[in-house]
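Hi there,

Here is the structure I promised to pass on to you. Have a look at it first, and then read on for what turned up.

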Amino acid sequence: MNGSGGAVEISGVVRDTSGAPVTGAHVLFSDGPQPLPDIAALTDAEGRFSLGAPSAGEYTLLCRADPLMGPPGTAEATVRVEPSAGAAAPGRLRVDLTLG
């Protein structure tokens, strides 16, 4: 489920329009401050995902449901990762996505 270890963990839940968690949806960075070709996550049975953002900046998350595992649809969100103040532990951001 975890894309990679990074400066900030972006996690959340993917749900369908009824509010039910979506299993097997792909969540990936579609845009960011640097190329991120191999960072993606797959939601678990409770729709949860987690991705590691490697640096500060603005990231666009794209979610695509697997129609073989649940309802079809996509979702997108933009998040801003602020620079770390030198904390030893990585920061965390929560982003919940609803398929449309």
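To start with something you can trace by eye: in which sense do strand E2 and strand E5 pair, and over how many bridges? Strand E2 covers residues 26-31 and strand E5 covers residues 57-64; their pairing is antiparallel and runs over 5 bridges. You can find one spot along this pair by looking for Phe29, which stands opposite Leu61 in E5.

Before going further, please keep in mind that this is a predicted model. The mean pLDDT of the chain is 87, and 87% of its residues reach 70 or more. Among the elements, strand E7 (residues 91-94) has the lowest mean pLDDT, at 90, while strand E8 (residues 97-98) has the highest, at 96. Residues 1-6 are another matter: there the pLDDT is below 50, although the model gives this stretch 19 contacts beyond near neighbours in sequence.

Now for the overall picture. The chain has 0 helices and 8 strands, so if you read along the sequence you meet the pattern β-β-β-β-β-β-β-β. E2 and E5 belong to an open sheet of 4 strands, with antiparallel pairing and the order E3-E2-E5-E6. Strand E3 (40-42) and strand E6 (74-81) are at the edges; each has a single partner strand, so one side of each lacks a neighbour in the sheet. On average, neighbouring strands of this sheet are turned by 25° against each other, direction ignored.

Next, the inside. Buried residues make up 38% of the 100 residues in the chain. The largest nonpolar core has 24 residues, and those touching the most other members are Ile10, Val14, Phe29, Cys63 and Leu97. Two or more residues each come from strand E1 (8-15), E2, strand E4 (48-53), E5 and E6. E6 gives the largest share, 4 residues.

Ile10 is a good residue to click on. Leaving aside neighbours within four places in sequence, its contacts include Phe29, Phe49, Leu61, Val79 and Val95. Phe29 and Leu61 are the two residues that stand opposite each other in the E2 and E5 pair.

Two values for the whole chain round this off. Of the contacts with a separation of 6 or more, 61% are between residues 24 or more positions apart. The accessible surface comes to about 5,500 Å², and 52% of that belongs to carbon and sulfur atoms.

Happy exploring!

Best wishes

Key: Residues numbered from 1 in each chain as written. Predicted model: local features only at pLDDT ≥ 70, side-chain atom pairs only at ≥ 80, totals over all residues. Heavy atoms only, no water. Pairing = 2+ DSSP bridges. Axes fitted to C-alpha atoms, helices over the stretch in contact; angles between N-to-C directions. Core = buried A, V, L, I, M, F, W, Y, C linked by side-chain atoms within 4.5 Å. Buried < 20%, exposed > 50% of the residue type's maximum accessible area, 1.4 Å probe, protein only. Contact = heavy atoms within 4.5 Å. Areas by Shrake-Rupley, 256 points an atom, 1.4 Å probe, with all protein chains shown as cover. pLDDT = per-residue confidence, 0-100.
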